[in-house]
Amino acid sequence: MSGTFDRLPRRSLKRSRNDEEESTPQSTSRHSKKPCNHLNMEYPTPGPSEDEDAYNPRPTCKAAESPSGDMQHPRFYFEDGDVTFTTSSYRFKVHTFLLIGNSPFFEDMFEIANPDNSERTDENPVINLDGIETAWNMSVWLAKIYDDQGYFQTLLDDSTLQVVDALYHLGNKYTHPEYCAHAKLLLTSIFPTDLSTWSQSLSSIPLCTAFEAIPLAKHNCPIVLPAAFYVASSASLDDIIQGTTDFSNKRTLTLNPEDQVTVLRGKLRRGQIRRNHTFSVFQDVLQRGESWPDHKCSHKRACSEWLRTVYGRLDGCGFFGNDQDCFEPLNKTLWDYTSKGLCTICRNQVKDGIWVGQQEACAAVPDMFGLHSWLDVKLEQMAVDEFQTE
Ligand SMILES: [Zn+2]
C-alpha cells in the first residue's frame, strides 16, 4: 500500500508537558515491552541517504552506505511484530500497540488505515515508506517509541547532530514537541548559551560539529547560533569556503553561501573584539597615558609605560589577530611576562580589566554574526519554542 502513509491526516493536537516528560529517555514509556536484546551493542546504523528533508539537506555520513534492498533492521525487526515498514534500505517489523501508545500520528494512522487494502506478508500489513521517511529517521523514531536508550545512544555516538536533525524533523512533522525539546537539550549541551559556561567549553567543540549545527540551529534552535557561528569562525578561510572534513564520518561539511558570509564577517571581527573588549585594558592605558590607573600607584609612570610596551610587543606578534580566541585570557607565560613590570595594585587592575573584558566580548558575540544581542537571540528562541509546542 505504497503511499498510504502520506495520505493519512496529520492530527493536530497539543501535547501536554506530561507527555513530554513521559517520552524523555530517562522515563519509562507507558508500555513496558522492550526490544529483544539478543543483538550485541554494535548495531550497524542506517544512514540518512534517502532523505526528503529539503529545507535542511544533510551531508552524507559513513553509515550512508546502506545495505541494499530488503535488509531486516538489526534492532527493530521483531518476529512477533504485527506491522512492517519498508524503506529503501531496511525493513522494520514492529508492534502497533507501541506505535499507537507513543505517537499521536500512529494512533491516527492505525485508527484510520484499512488493513484490508494493504499488501500483506505473513498476515501483517506492509507499509512502504520509500521516499517518505528515511531508515535513519525511522531508527531514531523507533528508538524513542521503544524507549530504547541503548540503541539511541548508539545513534548518538554515530552522529549526534544527525540524531538532532532527525528529532527536529520527526518532532515538527509528526507532532512530537517532546522530540524538539530533546533535540534542543542535546544542542544546548554542546553549545553554551550563557556567559558562565562560554569560555570553558568552546575550544573543545569540533569545527565539523559547528558547521553541521548552524543550519539546524537557524531553523530550530537559534539560542545556540552565537556559539556555533563563533566556533565556525575559528576555521581557516579555506575551511570556511571549501568545507571542513569530519574524519570520524569520512565526509566534508560545507556551509551554505549565506552562512559562509556570516562566518567570514564574524571572523574578521575576532581581532577587533579581542583588542577592544577582552584586552581593552591596553587600549585604556594607551588612551590615558600616565593618568592610568585611576587609583594610587606609586610607580604610575613605570606601570603604564610597561603596559604600553607589552601591548606593542603583543600586537607585533599577532596577538590581536582574527585567528585568536576572543575569550582566552593571557596564558601563564604571557601573564608572568606582563605582570613582572607592574606593581601589585596595577597587576590586579589588569587582571580585573581582562575579566571584565571577557564578559564584554561574550556580550558582543551575537552582533559579530548579525544576531544583534543575546536578548534578541533568546526572544527568537522563545518564539520557536512556542511554535514547536503548538
Ligand atoms: Zn602600578
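Student: What makes the bend in H13 a kink, and where is its centre?

Tutor: The bend at a residue is the angle between axes fitted to the seven residues ending there and the seven starting there. In H13 the kink is about 35 degrees and is centred on glutamine 272. This is a predicted model, in which local features need pLDDT of at least 70, side-chain atom pairs count only at pLDDT 80 or more, and totals for chains, interfaces and linings use all residues. Residues are numbered from 1 along each chain as its sequence is written.

Student: How do you know what span to expect for helix H13?

Tutor: Helices (DSSP runs of H or I, at least four residues) and strands (runs of E, at least two) are numbered from the N terminus. The expected span is 1.5 Å times one less than the number of residues. H13, residues 257-278, has 22 residues, and the expected 32 Å is close to the 30 Å from its first C-alpha to its last.

Student: Why is proline 125 called buried?

Tutor: A residue is buried if 20 or more other C-beta atoms, placed from the backbone, lie within 10 Å of its own (12 or fewer is exposed, in between is partly exposed). Proline 125 has 21 such neighbours inside 10 Å, so it counts as buried. Proline 125 sits in strand S5, residues 124-128, and its C-alpha is 6.2 Å from that of threonine 84, 41 residues away along the chain. Of the chain's 390 residues, 40% count as buried.

Student: Which helices do the buried residues of H13 pack against?

Tutor: Contact is the test here: two C-beta atoms, placed from the backbone, within 7 Å. The buried residues, including Val263, Gly266 and Ile273, pack against H11, H12, H14 and H17.

Student: What describes the packing of H5 and H6?

Tutor: Two packed helices are described by the angle between their axes and the distance between the axes. Axes are lines fitted to C-alpha atoms over the stretch in contact, with angles from 0 to 180 degrees between N-to-C directions. For H5 (135-145) and H6 (149-158) the angle is about 145 degrees and the axes are 8 Å apart. Ser139, Val140 and Ala143 of H5 meet Tyr151, Phe152 and Leu155 of H6.

Student: How do you know where the predictor's confidence stays under 50?

Tutor: pLDDT gives that confidence for each residue, from 0 to 100. Residues 1-43 stay under 50, and so do residues 49-67. The chain's mean is 81, with 78% of residues at 70 or more.
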